[in-house]
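New to this one? Let's walk through it together, starting with the whole chain and then zooming in on one pair of helices.

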Amino acid sequence: MTDFNWTRQQFHLPDGVIYLDGNSLGPLPKATPARVARVMQPEWQELLIGGWNTAGWHRLPEALGDRIAAMIGAEPGHVAVGDTLSIKVYQALAAALALRPERRVILSDTGNFPSDLYIAEGLARMLGRGYRLVTVAPEAVADRLGDDVAVMMLTEVDYRTGRRHDMAALTAQAHAAGALALWDLAHSFGALPVDLTGCDVDFAAGCTYKYINAGPGAPAFVYVAPRHADLADTVLQGWQGHEAPFAFDPAYRPAAGVQRLRVGTPAVLQLAGLDAALDVWENVDIAEVRARSMALSERFLAGVEAACPMLELGSPRDPEARGSQISFRHAEGYAVMQALISRGVIGDFRAPDVLRFGIAPLYIGEAEIDAAVAILAEVMAEGLWDRPEFKARAEVT
Ligand SMILES: *Cc1c(COP(=O)(O)O)cnc(C)c1O
């Protein structure tokens with residue numbers, strides 16, 4: 001059984017803050033500062049370059065890849081860690097396209113995160129030869145699968161609406177149409193159970209700074225199914241993906257398996273943050289997190305709908321059809337969110353009109369949900385958002 005009182009104790013959260021933005025940047029685990037500091041002192045300070053061997057820095061990406069693999073139903077040795085999610089999507093997509101050379105379409109949905117779509121568009125342009133990105137409404141993906149689709153590239157949980165695709169069904173449909181499936185787990189990893197092997201997924205990628213709480217800019221990861229791993233074109237032929245990086249061979253030879261998707265020198269300080277964050281997850285059953293997230297989301301939704309008729313639900317009503325977030329729409333959504341933040345309820349705003357609230361049961365419980373509902377109700381009922389200072393947009397929203 002997951003002890004959610006214990007998990008809450010593992011995080012630093014500022015006094016007076018109700019944090020409903022862990023879907024964007026998870027909070028600081030209490031163990032992280034010391035773990036990251038250890039890399040600086042004594043490791044870096046005393047060992048200098050010897051740290052790569054003596055302190056195990058060089059092995060860290062593989063070790064962390066195995067820890068992540070165990071959390072997402074991936075085979076050990078088939079997750080590579082590093083870089084950012086955008087880069088890992090680029091590599092996975094390019095590798096998948098190369099495995100279906102006679103097809104030209106990358107199929108995605110209009111709700112996908114812009115970076116994934118930008119990456120696909122840029123890659124298609126660079127490949128030329130008729131490659132193109134096709135986006136359809138999230139509900140229409142299955143119908144668009146056809147014999148021109150090389151890769152179906154989807155984010156399981158929509159970043160704005162929280163709408164969740166059926167990973168198993170769509171992957172099977174993609175395969176039936178002769179396409180490969182690439183899944184982005186940005187809003188899945190740490191939010192709900194993921195079973196890549198069970199869903200027969202070909203490629204997947206995700207980040208660790210959202211629900212996993214590894215820290216701002218923490219490393220991403222990529223999964224390649226074992227059946228493709230030794231065939232995958234590495235695209236970004238960095239030395240860390242070479243079979244023998246320290247042979248300094250002028251000829252590129254990809255490493256065996258997914259480790260060929262490593263590119264350059266690992267970001268050791270950030271990897272240490274990921275290592276510390278994953279320790280919390282050793283004591284967590286993700287199925288219990290999911291059950292609690294659904295219960296808390298239902299409580300939040302019922303409370304807001306009862307108190308705030310002017311907010312329109314922007315997420316699916318069925319909790320099974322959502323990830324771990326609830327969105328509402330309001331024309332002055334930005335100002336509403338700023339008013340909430342000024343009162344200690346931190347969610348975020350996504351253009352054009354979405355108020356987004358992430359529900360992370362590791363550190364959010366009934367009391368926080370009820371308090372957030374009460375504060376939102378007051379902000380809406382009294383129009384407290386209608387002030388010039390809440391309408392001035394910051395650089396990061
Ligand atoms: C958060 C997110 C990203 C961010 O990519 P980075 O390279 O880590 O900045 C990409 N795709 C999706 C679907 C996301 O939710």
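Counting up the secondary structure, the protein chain has 13 helices and 15 strands. Keep in mind as you look around that this is a predicted model.

Now for the overall size. Lined up along its principal axes, the box filled by the C-alpha atoms is roughly 70 × 55 × 40 Å. The radius of gyration of the protein chain is 22 Å, which agrees with the value near 21 Å that a compact globule of 397 residues would have.

What about inside and outside? Of the 397 residues in the protein chain, 54% are buried, meaning that they have under 20% relative accessible area. On the outside, the chain exposes about 16400 Å², and 56% of that comes from carbon and sulfur atoms. Contacts also link distant parts of the sequence: if you take the contacts with a separation of 6 or more, 73% of them join residues 24 or more positions apart.

For a close-up, find helix α2 at residues 32-47 and helix α10 at residues 268-281. Their axes come within 8 Å and cross at roughly 145°, and the crossing is right-handed. Which residues of α2 and α10 meet there? From α2 come Thr32, Arg35, Val36, Val39 and Met40. Facing them from α10 are Val268, Leu269, Ala272, Gly273, Asp275 and Ala276. Sorted by character, the residues of this contact between α2 and α10 are seven nonpolar, two polar and two charged.

Technical notes: Residues numbered from 1 in each chain as written. Predicted model: local features only at pLDDT ≥ 70, side-chain atom pairs only at ≥ 80, totals over all residues. Heavy atoms only, no water. Axes fitted to C-alpha atoms, helices over the stretch in contact; angles between N-to-C directions. Helix = DSSP H or I, 4+ residues; strand = E, 2+ residues; numbered from the N terminus. Left-handed = near helix turned anticlockwise from the far one by under 90°. Contact = heavy atoms within 4.5 Å. Nonpolar A, V, L, I, M, F, W, Y, C, P; charged D, E, K, R; others polar. Rg over C-alpha atoms; globule rule 2.2 N^0.38 Å. Buried < 20%, exposed > 50% of the residue type's maximum accessible area, 1.4 Å probe, protein only. Areas by Shrake-Rupley, 256 points an atom, 1.4 Å probe, with all protein chains shown as cover.
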